[in-house]
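Reader: I am a first-year student, and I should like to learn how to read a protein model that holds ligands. Could the author guide me through one?

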Amino acid sequence: MGEAMDRPEREGIEREGMDFDVIVVGAGPAGLSTAIRLRQLAAERSADLSVVVVEKGSEVGAHILSGAVVATNGLDRLLPDWRSDEDAPLKTPVTEDVFTQLTEKGGFRLPNRVFPSLMSNHGNFVASLANITRWLAAQAEALGVEIYPGFGAAELLFDDHGAVRGVATGDMGVDKSGAVTERFTRGMELRAKYTVLAEGARGSLSKVAIKRFGLDEGRQAQKYGIGLKELWQVQPDKHKPGRVEHSFGWPLDDSTAGGSFIYHMEDGLVSVGFVVHLDYQNPTLSPFDEFQRFKTHPMVRGLFEGAKRVSYGARAIASGGWQSVPRLSFPGGVLAGCSAGFVNVARIKGSHNAVLSGVLAAEHIYEALSAGRANDEVVAYEEAWRESDIGKDLWRVRNVKPLWSRLGTRAGVVAGGADMWSNQLFGRSPLGTMKHAKPDWASLKRLDEVTTIVYPKPDGILTFDRLSSVFVSNTNHEEDQPPHLVLKDPSIPVERNLPLYGEPARLYCPAAVFEIVYADEAAKTGPRFVINAQNCVHCKTCDIKDPSQNIDWVTPEGGGGPNYPNM
Ligand SMILES: Cc1cc2nc3c(=O)[nH]c(=O)nc-3n(C[C@H](O)[C@H](O)[C@H](O)COP(=O)(O)OP(=O)(O)OC[C@H]3O[C@@H](n4cnc5c(N)ncnc54)[C@H](O)[C@@H]3O)c2cc1C
Ligand code: SF4
């Protein structure tokens, strides 16, 4: 280790800076679409426009995890000729759409005709969203966008008037104690006329911007789910390319919203996943173990006989919809994609809206730049989205999540279906626009109010433990760095969360990052909260679900995190 330098000294070292017209944070579908559309507009007018995208993953796609069944209206808008591009990784049209209610030992299929057409997957594609972003990145670069993978945007920069004037990337080569090592490199200041936050669900800088500018004032609290996913190579006779299956019910009880997806991709691959809504109440619930249990259902397990698991990961998914979208614009920047929560929860789809919001943001930012404006608020983008295709998509399903929360899953699915029909047929709902219940972090009951859930042990063939799962997510962080899971008050896990809730972080974290370790294990005395930050798959669940709102997820050293292949 090199000579130590403490934090104040490090912060005294000036950062080098670079100036751009637009900085985009996050190379997901939203960020890349923003960048592509900006450069398209500049090319159409033979104008000069510098656009840079920073991405915390080691490469574009490394941190992208989705289902995914992709609705193509976003791509049709952004790149109308994408179907004739042989490299476009959308090769598997949906062929079959199956919806099942599971009970413990069986289940029944719901006829497709009970669902309004907005739920149909006809015309959609089963694909890897990570691979779509890799392909979009190539399109962006061909148009002259600069993309910097391996650089997390760690800080928002503000000008003297309080407007955002860009971002700073994180320092590299700082050890656990905050002292610099011989690897030390100061982060860069990337300054821009406009900054687009396209960090996906619960973005760390988006969270700062939402708080600082009060973007959620007058909006409902954002709701989330945790989505866990595995990729399996299945036996050829069980593989049905384009088959899409969803289920609800078992193993979750009726008061816990969520369900499964199974998507048959190309090349014998099947994407299987499970979403648990983060307003669950029982602190002994483990979304990871519910997912493992789901695979053992008699109607499901056969698919995985003779199959091999090839990858694993998890990611939060926004589910508040129409009511929860914050104000999109603030001085110097905007929110796009899932940073704004543009997911249609009934369809478990957000990638199409991520692309559409990137296009919409780019068009309004371009207009502002063309008028010679900079670092002000692009209000026209905020004013436009509710009338756009994104608004229409979210409006029709706005009561689905509140109905699930209020009525439980079984009755909620029926009532939500009726409400969607009403919106589709009459353009309105007799229920108006319903409110969400409490924020997700406030929904847990105390340990003494619930029955403890006991999960079966994994068999290592169909069901797994967390550590072997993290292994196949190829997660990697520099170990000697300051923790990127920052406790506002380090005493809370043991002194509050443990007695009241059994410290639920041990269970909701899908990557075994949090542990309670006892000085005397048998007597359960001397508890200590341990953070194995190197396992973190960047799902952001802890930032959302901690009942004391005590965990702040911040960007680790750039390039750290999962290395998903084709999730
Ligand atoms: C389990 C699951 C299943 C889903 N299934 C579907 C589906 O079938 N169909 C569908 O359409 N949608 C689905 N979705 C939703 C869909 O994945 C999202 O709507 C979509 O990914 C949102 O795109 P985005 O660009 O806004 O964010 P993301 O795709 O999350 O991309 C954000 C990018 O920004 C990067 N980033 C974040 N913060 C920083 C930072 N500070 N600095 C630098 N880089 C940063 C991230 O590493 C990431 O690469 C699913 C989601 C989940 C979790
Ligand atoms: S530490 Fe937080 S963000 Fe990381 S995997 Fe666990 S719950 Fe997800």
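**Reading the ligand sites and strands**

Author: In this predicted model, 39 residues surround ligand 1, and the closest are Glu55, Ser66, Val69, Cys338 and Ser351.

Reader: How do the residues of the shell around ligand 1 divide into nonpolar, polar and charged?

Author: One sorts the neighbours by residue type. The shell around ligand 1 holds 21 nonpolar, 13 polar and 5 charged residues.

Reader: Which polar backbone atoms lie at short listed distances from atoms of ligand 1?

Author: A polar contact is a pair of N or O atoms within 3.5 Å. In this case, a polar backbone atom of valine 69 is 2.7 Å from a nitrogen atom of ligand 1. A polar backbone atom of proline 29 is 3.2 Å from an oxygen atom of the ligand. Isoleucine 348 has a backbone N or O atom 3.5 Å from a nitrogen atom of ligand 1.

Reader: How much of the area that ligand 1 exposes when taken alone does the protein bury?

Author: One compares the ligand alone with the ligand in place. Taken alone, ligand 1 exposes 1000 Å², and the protein buries 97% of that. The space that ligand 1 takes is the largest cavity.

Reader: Which elements give two or more residues to the shell around ligand 1?

Author: They are helix H2 (29-44), strand S2 (51-55), strand S16 (258-264), strand S18 (308-318) and helix H7 (351-370). The largest share, 3 residues, comes from S18.

Reader: Which residues are closest to ligand 2?

Author: The closest are Cys509, Cys536, Cys539, Lys540 and Cys542, among 13 residues that surround ligand 2. Ligand 2 sits in the second largest cavity. The shell around ligand 2 divides into 11 nonpolar, 1 polar and 1 charged residue.

Reader: I should now like to turn to the backbone. What is the general rule for phi and for peptide bonds?

Author: Most residues other than glycine have a negative phi, and most peptide bonds are trans. One then looks for departures from that rule. The peptide bond from glycine 67 to alanine 68 is cis, with omega near 0 degrees, and alanine 68 is placed in the loop between S2 and S3. The bond from tryptophan 250 to proline 251 is also cis, with omega near 5 degrees. Proline 251 belongs to the loop between strand S15 (243-249) and S16.

Reader: Where is isoleucine 348 found, and what is its phi?

Author: Isoleucine 348 is found in the loop between strand S20 (333-335) and H7. Although not a glycine, isoleucine 348 has a positive phi of about 45 degrees. This residue also supplies the backbone atom 3.5 Å from a nitrogen atom of ligand 1.

Reader: In what order do the 3 strands of the open sheet lie?

Author: To read a sheet, one follows the pairing from strand to strand. Here the order is S3-S7-S4, with antiparallel pairing. Strand S3 (69-70) and strand S4 (92-93) are the edge strands, each pairing on one side only. S3 and strand S7 (residues 125-126) are joined in the antiparallel sense over 2 bridges, and valine 70 stands opposite phenylalanine 125 in S7.

Reader: How many residues does the hairpin that joins S5 to S6 pass through?

Author: The hairpin passes through 4 residues. Strand S5 (residues 96-102) and strand S6 (residues 107-110) pair in the antiparallel sense over 4 bridges. Within this pair, threonine 100 stands opposite arginine 109 in S6.

Methods:
Residues numbered from 1 in each chain as written. Chains lettered and ligands numbered in written order. Predicted model: local features only at pLDDT ≥ 70, side-chain atom pairs only at ≥ 80, totals over all residues. Heavy atoms only, no water. Near = heavy atom within 4 Å. Polar contact = N/O pair within 3.5 Å; in protein donor to acceptor, adjacent residues only side chain to side chain. Areas by Shrake-Rupley, 256 points an atom, 1.4 Å probe, with all protein chains shown as cover. 1 Å grid on protein atoms, 1.4 Å probe; cavity = no way out; pocket = protein on both sides within 12 Å on 5 of 7 lines; lining within 4 Å. Sits in = over half its atoms within 2 Å of the grid points. Nonpolar A, V, L, I, M, F, W, Y, C, P; charged D, E, K, R; others polar. Pairing = 2+ DSSP bridges.
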